[in-house]
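Here are my comments on the model you sent round, set out as numbered points. Please read them beside the sequence and the coordinates.

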Amino acid sequence: MNFIYYIVAVLIGAAAAVQVGVNSSLKISTGSPILASFANFSVGWLAIFVLLMIQQKGQVGEIIQSYSGLEKWKFTGGLLGSFFVTSLVIVTPKIGMTSTLTLVIAGQLVLALILDHFGWLGMQQQPISWMKILGIAIMVLGVWIIQKF
């Protein structure tokens with residue numbers, strides 16, 4: 001049963017690579033990373049809105065009520081997503097998709113290690129190990145090899 005989650009995770013990574021390419025192409029066509037990001041989030045917002053309306057059967061009041069009382073920091077995901085997408089459309093054409101995504105994954109893993117180690121943001125606490133650190137170092141070395149050769 002858990003095997004399907006691993007497959008889905010790989011598919012998410014593949015979709016992210018396609019998204020980076022599509023958004024970078026859109027940036028080139030529009031001439032603006034901001035316009036490309038705006039289009040990305042507009043289409044994404046519309047898709048999620050339609051799904052939400054279907055799930056909630058159009059009960060907008062219930063949707064709004066579900067957000068009441070939440071801490072404000074829990075809404076920063078949209079800001080981080082905007083930073084992520086906009087930065088990707090700027091960086092990817094400069095250093096290539098492979099290097100960009102490898103470094104993005106390395107950055108994600110470094111922060112994930114820290115979040116897991118301390119159990120921050122509701123994560124299950126899992127200690128940092130030297131083998132995990134070595135794995136990230138090997139990834140960064142891989143980026144250097146990709147850039148060099």
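How many nonpolar, polar and charged residues does the lining of the largest pocket have?

1. Since this is a predicted model, each point below should be read as a description of computed coordinates. On the opening question, the lining of the largest pocket has nine nonpolar residues, three polar ones and no charged residues. The space in this pocket comes to about 480 Å³.

2. The residues that line the largest pocket are Ala9, Val10, Ile12, Gly13, Ala16, Ala17, Gly81, Phe84, Leu101, Val104, Ile105 and Gln108. Three helices, H1, H4 and H5 (97–118), each supply at least two residues of that lining, and H1 gives the most, with six residues. Glycine is counted as polar in this classification, so Gly13 and Gly81 of the lining fall in the polar class together with Gln108.

3. The second largest pocket has a volume of about 260 Å³, and its lining is made up of Asn40, Phe41, Gly44, Trp45, Ile48, Phe49, Leu52, Ile63 and Tyr67. Helix H2 (33–55) and helix H3 (60–67) each supply at least two of these residues, with H2 holding the largest share, namely seven residues. By class, the lining divides into seven nonpolar and two polar residues, with no charged residue.

4. A search of the whole structure for cavities of 30 Å³ or more finds one, and the volume of this largest cavity is about 30 Å³. Gln19, Val20, Asn23, Val85, Leu88 and Val89 form its lining, to which helix H1 (3–30) and helix H4 (77–95) each supply at least two residues. Four of the lining residues are nonpolar and two are polar, while none is charged.

5. On the surface, a nonpolar patch is formed by Phe3, Ile4, Tyr5, Tyr6, Ile7, Val8, Leu11 and Ile12, which together have about 870 Å² of accessible area. Ile12, a member of this patch, is also listed in the lining of the largest pocket. Ile7 has its place in helix H1, and it is partly exposed, with a relative accessible area of 35%. Patch residues must have over 30% relative accessible area, so Ile7, at 35%, meets that cut-off.

6. Side chains of opposite charge can pair when their charged atoms come close. The count of salt bridges in this model comes to one, and the pair concerned is Lys74 with Glu71, whose closest N and O atoms are 3.0 Å apart. The cut-off for such a contact is 4 Å, so this pair, at 3.0 Å, falls within it. Both partners lie partly in the open: Lys74 counts as partly exposed at 44% relative accessibility, and Glu71 counts as partly exposed at 40%.

7. Where does Leu121 lie, and is this residue buried or exposed? Leu121 is found in the loop between H5 and helix H6 (130–148), and it counts as exposed because its relative accessibility is 54%. The backbone at this position deserves a look, as Leu121 has a positive phi of about 55 degrees although it is not a glycine. Most residues other than glycine have a negative phi.

How values were computed:
Residues are numbered from 1 along each chain as its sequence is written. This is a predicted model: local features need pLDDT of at least 70, side-chain atom pairs count only at pLDDT 80 or more; totals for chains, interfaces and linings use all residues. Side-chain values use heavy atoms; hydrogens and water are left out. On a 1 Å grid over the protein atoms alone, a cavity is a set of points where a 1.4 Å probe fits but cannot get out, and a pocket is an open set with protein on both sides within 12 Å along at least five of seven lines; lining residues have an atom within 4 Å of a point. Grid points are joined across faces, edges and corners, and a volume is the space filled by probe spheres set on the points. Helices (H or I, at least four residues) and strands (E, at least two) are DSSP runs, numbered from the N terminus. Patches are made of residues with over 30% relative accessible area and no salt bridge: like charges are joined within 9 Å, nonpolar side chains (Val, Leu, Ile, Met, Phe, Trp, Tyr) within 5 Å. Accessible areas come from the Shrake-Rupley method with a 1.4 Å probe; for residues, only the protein chains shown count as cover. A salt bridge is a side-chain nitrogen of Lys or Arg within 4 Å of a carboxyl oxygen of Asp or Glu. Buried means under 20% relative accessible area, exposed over 50%, partly exposed in between (1.4 Å probe, protein chains only).
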